[in-house]
Amino acid sequence: MQIITDPAGKELKKHGDSSFPFLVSYERLSGYETGSFLWHWHPEIELTYIEKGEMLYKINQNTFHLKEGQAIFGNANALHAGYMYQDQDCQYIPVTFDPKLIYGFFQSTICTRYVDPVIQNLAVCALHIDYSEKWHETFRDRMLEVISLDKKKPDFYELDISIRMQLLWRLLVEHLP
């Protein structure tokens with residue numbers, strides 16, 4: 001298996017659909033032919049949680065050594081790839097979503113004040129959730145709630161996901177440099 005892209009490197013896989021642009025995946029690096037997922041990008045934002053093992057995660061020109069229990073925010077349209085660390089496998093959970101899930105509709109106040117400034121800021125291609133700051137624990141807990149909700153898909157699933165994604169976004173926006 002490998003990520004399928006167009007000639008410009010844009011991933012062709014659907015991350016949810018237009019009615020609910022949200023996807024949780026369960027991946028392992030050993031599932032890819034090369035033991036890594038190769039460079040690609042997509043208009044969706046990606047939050048990746050490391051479930052087991054470690055990974056070298058590259059976003060644009062930055063490399064992050066992600067360890068078990070850590071996460072990373074990857075901005076919309078950021079070029080990224082992931083590689084095994086010391087030839088060890090890594091299980092990880094990417095949560096990808098269209099920014100519309102946060103802001104609702106084009107040019108809403110939420111879009112112009114809280115989403116566009118982040119996704120248009122080229123200096124903010126990634127943020128490593130490594131517990132160097134107190135709010136990282138809250139971020140991880142909220143992310144795990146989203147993953148758990150996605151597994152169970154209870155009544156009010158879409159509302160509950162949407163609410164938690166907005167809470168995650170609020171934390172990010174509040175603490176981004």
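# Definitions applied to a predicted model

Reader: Why does Lys153 count as partly exposed?

Author: In this predicted model, the relative accessibility of Lys153 is 48%. Buried means under 20% and exposed means over 50%, with partly exposed in between; Lys153, at 48%, therefore counts as partly exposed.

Reader: What makes the contact of Asp150 and Lys153 a salt bridge?

Author: The side chains of Asp150 and Lys153 meet at 3.3 Å, N to O. The criterion is a side-chain nitrogen of Lys or Arg within 4 Å of a carboxyl oxygen of Asp or Glu, so the pair at 3.3 Å qualifies. In general, side chains of opposite charge can pair when their charged atoms come close.

Reader: Is Asp150 buried or exposed, and how do you know?

Author: Asp150 has 8% relative accessibility. Since buried means under 20%, Asp150 counts as buried, whereas its partner Lys153 counts as partly exposed.

Reader: How many salt bridges does a search of the whole structure find?

Author: The search finds 7. One of them joins Arg140 and Asp141 at 3.0 Å, N to O. In this pair, Arg140 has 22% relative accessibility and Asp141 has 39%. Both values lie between 20% and 50%, so Arg140 and Asp141 count as partly exposed.

Reader: Why are Arg170 and Glu174 said to be separated by about one helical turn?

Author: Arg170 and Glu174 are 4 residues apart in helix H4, and they are therefore separated by about one helical turn. Their side chains meet in a salt bridge of 2.7 Å, N to O. Arg170 has a relative accessible area of 53%; as exposed means over 50%, Arg170 is exposed.

Reader: Which residues form the nonpolar patch on the surface?

Author: Phe156, Leu159, Ile163 and Leu167 form this patch, with about 410 Å² of accessible area together. Leu167 lies in helix H4, residues 157–175. A patch residue needs over 30% relative accessible area, and Leu167 meets this with 34%. Leu167 is nevertheless called partly exposed, because 34% falls between 20% and 50%.

Reader: What is the strand order of the open sheet of 4 strands?

Author: The order is S3-S8-S5-S6, with antiparallel pairing. Strand S3 (36–40) and strand S6 (62–66) are called edge strands, as each pairs on one side only. Neighbouring strands of this sheet are turned by 20° against each other on average, direction ignored.

Reader: How do you know that S5 and S8 pair?

Author: Strand S5 (residues 55–59) and strand S8 (residues 80–84) share 5 bridges in the antiparallel sense. Pairing requires at least two bridges, so S5 and S8 satisfy the requirement. His80 in S8 is the bridge partner of Ile59. S5 and S6 also pair over 5 bridges, in the antiparallel sense, and Ile59 stands opposite Asn62 in S6.

Reader: What is the relative accessibility of Leu56, and how does Leu56 count?

Author: Leu56, in strand S5, has 25% relative accessibility. That value lies between 20% and 50%, and Leu56 therefore counts as partly exposed. Leaving aside neighbours within four places in sequence, Leu56 is in contact with residues including Phe64, His65, Ala81 and Tyr83.

Reader: What makes the phi of Asn77 notable?

Author: Asn77 has a positive phi of about 65° although it is not a glycine. Most residues other than glycine have a negative phi. Asn77 is found in the loop between strand S7 (71–74) and S8. Gln86, in the loop between S8 and strand S9 (90–97), likewise has a positive phi, near 50°. Asn60, in the turn of the hairpin formed by S5 and S6, has a positive phi of about 50°.

Reader: How do Asn77 and Gln86 count by relative accessibility?

Author: Asn77 has 44%, which lies between 20% and 50%, so Asn77 counts as partly exposed. Gln86 has 59%, which is over 50%, so Gln86 counts as exposed.

Reader: Why is strand S4 described as largely enclosed by the rest of the structure?

Author: Of the 9 residues of strand S4 (residues 45–53), 7 are buried, so S4 is largely enclosed. S4 pairs in the antiparallel sense with S9 over 8 bridges and with S7 over 4 bridges. Tyr49 has Ile93 as its bridge partner in S9 and stands opposite Ala71 in S7.

Terms used:
Residues are numbered from 1 along each chain as its sequence is written. This is a predicted model: local features need pLDDT of at least 70, side-chain atom pairs count only at pLDDT 80 or more; totals for chains, interfaces and linings use all residues. Side-chain values use heavy atoms; hydrogens and water are left out. Patches are made of residues with over 30% relative accessible area and no salt bridge: like charges are joined within 9 Å, nonpolar side chains (Val, Leu, Ile, Met, Phe, Trp, Tyr) within 5 Å. Accessible areas come from the Shrake-Rupley method with a 1.4 Å probe; for residues, only the protein chains shown count as cover. Helices (H or I, at least four residues) and strands (E, at least two) are DSSP runs, numbered from the N terminus. Buried means under 20% relative accessible area, exposed over 50%, partly exposed in between (1.4 Å probe, protein chains only). Axes are lines fitted to C-alpha atoms, for helices over the stretch in contact, and angles run from 0 to 180 degrees between N-to-C directions. Contact means heavy atoms within 4.5 Å.
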